[in-house]
Amino acid sequence: MRVLGIETSCDETGVAIVDTAPWEAGEPAGKGLLGQALYSQIAMHVDYGGVVPELASRDHIKRVIPLINQTLKESNSGLSEIDAIAFTQGPGLAGALLVGASVAKGLALALNKPVLGIHHLEGHLLSPLLADDANIQFPFVALLVSGGHTQLMEVTGVGEYVILGETLDDAAGEAFDKTAKLLGLSYPGGPAVSALAKFGQADGYQFPRPMKHSGDLDFSFAGLKTSVLTQVKKIQTNGTPSASENANVARGFVDAIVEVLVSKSINALKKTGMKTLVVAGGVGANEQLRQALANACEKEGVTVHYPPLHLCTDNGAMIAFAGAMRLKKNPQLASKDWGFDVRPRWPLDQLL
Ligand code: KG4
Ligand code: ZN
């Protein structure tokens, strides 16, 4: 079964084709990815310091068909060889989601093929299984850290997700992006803050570890951002901050956020008794987080898995893959419903 996946929920247009033939759920899966194409709009939004929804939708319209053609070519597939189409149904920007939904539904109608709406976070969640050497067995705990979400989840199988904890305010990626803005770094801020933090001193500035000892598995990062703001303002009263002062702020921020993410992940593993942690979403690309999780998981005798680095941020492969896994488990899910029913707000635990 070949599934074409289309992702347009935010500022990346992603298309991919996966073939379910070589693998089963939970088995090494990387070979299932036949081809993919991605266009990032980051350069277009950078002047605005964040994603401008209307510009994002218009650009998706421009890119999606050429990217589909490119993916078909790369995967040596003709449209007639596509068995089903998966698209990101939500959550995300309404206009951007509508572009992917209408192209997916239009194609499916023209080809008389089934179409399936995928939850964007389910795409992230299952993406570590796309690694060539993935040997991940259910059940596992998933830490999902992106620009819009921060959640810990208990995953017992495809489509079986229970939220253990989540952010009460800002997402981890959002906190990175806002800190970057305060430090005069460009959007998206995660990679820039991470790089700058490497030049900072560990004892430069100490920031709070919000909710680290709250006893539950929820997060809160709004207060951390405010602490960074207060510190930056304090430094600025003495003139323009030096490069080393900025690096120390970045280091203090990264140390704080990473410590909370690691601590809550370990607590989730202890609470559920699970021995496998899967990390997904854009912040999952963060080097400091990966290093700290590697140390903590080794100490706890737990294995930790990530998607391949290029599949941490939004992409079409994770949507095609999630679609393929869902259809393999439950072929009834495919529909020939031609409405453009996107869900900009869609909690993952309301998936079913
Ligand atoms: O998963 P993603 O591509 O999009 C959403 O679904 O939100 O995540 C984007 C987020 C942005 O906030 C970006 O700053 C953050 O992931 N990010 C990082 C890194 N790479 C991307 N944050 C920290 N360190 C990184 N290396
Ligand atoms: Zn995402």
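**Cis prolines.** I looked up Pro139 first and found it in the loop between α4 and β6. The model is a predicted one. The peptide bond from Phe138 to Pro139 is cis, with omega near 0°. I then went to Pro188, which sits in the loop between α5 and α6. Tyr187 and Pro188 are also joined by a cis peptide bond, with omega about -10°.

**Positive phi.** I checked Asn112, a residue other than glycine, and read a positive phi near 55°. Asn112 belongs to the loop between α3 (94-111) and β5 (115-119). Asn112 counts as exposed, at 51% relative accessibility. Met211 is not a glycine either, yet its phi is positive, at about 60°. I placed Met211 in the loop between α6 and α7. Its relative accessible area is 23%, so Met211 is partly exposed. Gly273, just after α8, takes a positive phi of about 75°.

**Strand β9.** I asked how many of the residues of β9 are buried. For residues 276-280 I noted 5 of the 5, so the strand is largely enclosed by the rest of the structure. Thr276, Val278 and Ala280 point one way from β9, while Leu277 and Val279 point the other way. I followed the pairing on each partner strand. Strand β6 (residues 140-145) runs parallel to β9 and is joined to it by 4 bridges. Strand β10 (residues 303-305) also runs parallel to β9, through 3 bridges. Val278 turned up in both pairings: its bridge partner is Ala142 in the β6 pairing, and His305 in β10. I recorded β9, helix α9 (residues 287-300) and β10 as a right-handed β-α-β unit.

**The loop after α9.** Gly301 lies in the loop between α9 and β10. Gly301 counts as exposed, with 51% relative accessibility. I took the C-alpha to C-alpha distance from Gly301 to Lys275 as 7.4 Å, for a sequence separation of 26 residues.

**Zinc site.** Which protein residues are donors of the zinc ion (ligand 2)? I found His120 (NE2), His124 (NE2) and Asp314 (OD), at 2.0 to 2.1 Å from the ion. The spacing of these donor residues in sequence is H-x3-H-x189-D. His120 lies in helix α4 (residues 120-126) and Asp314 in the loop between β10 and α10 (317-329), so this pair ties together parts that are 194 residues apart in sequence. The angles among the 4 donor atoms run from 93 to 140°, and the site is irregular. A tetrahedral site would need all angles between 85 and 135 degrees. I then asked whether the two donors of that pair are buried or exposed. His120 is buried, with a relative accessible area of 7%. Asp314 is also buried, at 12% relative accessibility.

**Helix α8 and the core.** I checked the length of helix α8 (residues 243-272). The helix has 30 residues and reaches 43 Å from its first C-alpha to its last, close to the 44 Å expected at 1.5 Å a residue. I next opened the largest nonpolar core, which has 45 residues. Phe221, Phe253, Ile257, Leu261 and Leu277 touch the most other members of this core. Elements giving two or more residues to this core are β6, α5 (172-182), α6 (189-197), α7 (222-236), α8, β9 and α9. Of these, α8 gives the most, with 14 residues.

Terms used: Residues are numbered from 1 along each chain as its sequence is written. Chains are lettered from A and ligands numbered from 1 in the order in which they are written. This is a predicted model: local features need pLDDT of at least 70, side-chain atom pairs count only at pLDDT 80 or more; totals for chains, interfaces and linings use all residues. Side-chain values use heavy atoms; hydrogens and water are left out. Buried means under 20% relative accessible area, exposed over 50%, partly exposed in between (1.4 Å probe, protein chains only). Two strands pair if DSSP finds at least two bridges between them. A crossover is right-handed if, with the strands pointing away from the viewer, the path from the first strand over the helix to the second runs clockwise. Donors are N, O and S atoms within 2.8 Å of the metal (3.2 Å for Na, K and Ca); water is not among the atoms, so sites may look incomplete. Four donors count as tetrahedral if all angles lie between 85 and 135 degrees; four count as square planar and six as octahedral if opposite donors are over 155 degrees apart and all others between 65 and 115; anything else is irregular. The expected span of a helix is 1.5 Å times one less than its number of residues. A nonpolar core is a set of buried Ala, Val, Leu, Ile, Met, Phe, Trp, Tyr and Cys residues joined through side-chain atoms within 4.5 Å.
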